[in-house]
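Hi,

Here is the structure I promised to pass on. Have a look at it first, and my notes follow underneath.

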Amino acid sequence: MTAAGTPAANTAARPTGGGRRLPLTWLGVAPYFLYVGLFLLLPTVILAVGAFTDKEGNPTLSNVTAIGQPYLFSSFVGSAIISIVSALVGAIAGALLAYAVATGNPRGTLRRVVTSAAGVFAQFGGVTLVFAFIATLGTVGLVTVFLKDHGIDIFANGVWLYDPRGLTLIYTYFQIPLMVLVFLPALDGIRPQWREATESLGGNTWQYWRYVAGPLLAPAFLGCTLLLFANAFSAYATAAVLITQGGVLVPLQIAALFQSETGQAQPGLAKALALAMVVIVTIVMLLYALLQRRTSRWLR
Amino acid sequence: MNRSRRLRLNIFRVTVFLAMGTFFLVPIAAMMEFSTRGRSDTGPRTMEAWTNIIKTPDLVAGILASLELAAITSIAMLVLLLPTMVWVRLRLPALHRIVEFLCLLPLVIPAIALVVGVFPINRWMRINISDSILLLSFFYLVLVMPYSYRALDAGLAAIDIKTLSEAARSLGAGWFTVMMRVIVPNMSSAILNASLLSVAVVLGEYTFANLLTYENLQVAIVYVGEVSATTSIAVAVASLLFAFALLMVLSFVGRPRERVARPEDPIPAPASRSLPLSDSFIGVPK
């Protein structure tokens, strides 16, 4: 780049460069900062400013206070419930799977297949995943039809696949593998010697989990659950394709405002909702990072 | 470990693997089954839905657009991120934290929130630059940045770029030669890793395309699904298998190589060794 061919190639002449060369060094990162400024920071600023601006461009708090309206507030409750339930189910099932993997051969094929598959499935979401579940549990889906032929009607009390219950089930499909990926390192940190020590002191399985492994794994488990919560809370495509009517979740509400006439009437509202999402996800991710740090201190 | 405990553990493991295997594989099998269904319940299996893919212009256009976007985004990602990261490591270490923070920032800004902020920028670009769907790659680059950054960062951490570049420079190489002939060949698996992740993210992207009213692969699948469920499920299976293949390649190839130049420390940081995927997948827009 710019410094090419200057005598600086000689390491002896390298020390931090003269005052003249400093700007040239900074030029090397200019494209990156220009890009990030325009396509990441500018949109964020547009969000943050727009959330506190009315249609005429005057500062206002009305967008933020409007979130308190029942129909918007209930979408936050809906999002929270789906995220909490799918995070808990995903965390528990994922932890069990991770434990089944961790107790196997650390260099075995099984472990390799499961971790690779978890990497792939944690990534799997959105449109394709919804279609997969419609083909499985839709009214003419493979499993639905199979069970019906055997006398079990899973939709006897109405079709639940296309409402938040179905969405929660679908979310667990990417939550479990994500849990396996993030929780496995913590399980690997558990030493067999600790169990042996517990046993030689007369402790049983329950006591080992209650007083040794449990407290050690708790921060990791909690942190990973928070990550899963943020993961579900930010998801949009899956919900948008599955649930066609009603803004039962915050992302669906944002999309609805964004595309509708009412949204045009109060453009700051979608931005306020989006900003609220960013704030919630940021807080959750900070807590996750905090717990991760604690875990890495304990399990080495 | 005593006998009965081992037995219990093994029963537990088998149960978990069977249950999880069923939960994860049945939907994929169901998709394949669904996509080969005939017109009637009793009719024979047919590949009609699959042949319909190429007969549906919307789908073909969507597939091509998504493939082009994936290619442009991964190349742009490499061109933008890699030199910056190398430069920061070599010359501006003070910026390391800031660059890392900015690259990981999209993880806490859900795609659906970011798209609201991006909308005015996109409108301006459509009026003043071009209406082409390929413009989306400017926004997709932001979405892939955290995953690519982590992959590239792990690759850079595994080689001693300072020594490598000083050696090359003292032999008279310019910065371009250092990049292309010294650094890139030494971290090819990390580059492959970052590119495949970008491709997978772009091919699965729906939020931006839908809300900014562009028709990429995923949007086309949803449109077609309203007319013919079997055809759209066939495309979904195809795109899924393609993404799976990419990611499988990644999970097996994407490990840091053993025979590259490394820092003095014989054991690279365990975090970068263990699973190149693990953290990379967090928060993929769904």
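Starting with chain B: among its contacts with a separation of 6 or more, 79% are between residues 24 or more positions apart. Keep in mind that this is a predicted model.

The chain is helical throughout its element list, with 13 helices and 0 strands. It has 286 residues, and 47% of them count as buried.

The helix pair I looked at is α3(B), residues 57-90, and α6(B), residues 136-157: their axes come within 8 Å and cross at roughly 50°. That angle makes α3(B) oblique to α6(B), because oblique covers what is neither roughly parallel (under 35 degrees) nor roughly perpendicular (65 to 115) nor roughly antiparallel (over 145). The crossing is right-handed.

Which residues meet there? From α3(B) they include Leu69(B), Ile72(B), Ala76(B), Met77(B) and Arg89(B). On the α6(B) side, Tyr140(B), Leu141(B), Val144(B), Asp153(B) and Leu156(B) are among them. By class, the contact has 15 nonpolar, 3 polar and 2 charged residues.

On confidence, chain B averages a pLDDT of 83, and 85% of the residues score at least 70. For the complex, the predictor gives an ipTM of 0.84 and a pTM of 0.85.

One stretch to treat separately: over residues 256-283 of chain B, pLDDT stays under 50, and the model has 56 contacts beyond four places in sequence for that stretch. Where pLDDT is low, the predicted coordinates should not be read in detail.

Cheers

Key: Residues are numbered from 1 along each chain as its sequence is written. Chains are lettered from A and ligands numbered from 1 in the order in which they are written. This is a predicted model: local features need pLDDT of at least 70, side-chain atom pairs count only at pLDDT 80 or more; totals for chains, interfaces and linings use all residues. Axes are lines fitted to C-alpha atoms, for helices over the stretch in contact, and angles run from 0 to 180 degrees between N-to-C directions. Helices (H or I, at least four residues) and strands (E, at least two) are DSSP runs, numbered from the N terminus. A crossing is left-handed if the near helix is turned anticlockwise from the far one by less than a right angle, and right-handed if clockwise. Two residues are in contact if their C-beta atoms, placed from the backbone, lie within 7 Å. Ala, Val, Leu, Ile, Met, Phe, Trp, Tyr, Cys and Pro count as nonpolar, Asp, Glu, Lys and Arg as charged, and the others, Gly among them, as polar. A residue is buried if 20 or more other C-beta atoms lie within 10 Å of its own, exposed if 12 or fewer, and partly exposed in between; C-beta atoms are placed from the backbone. pLDDT is the predictor's confidence in each residue, from 0 to 100.
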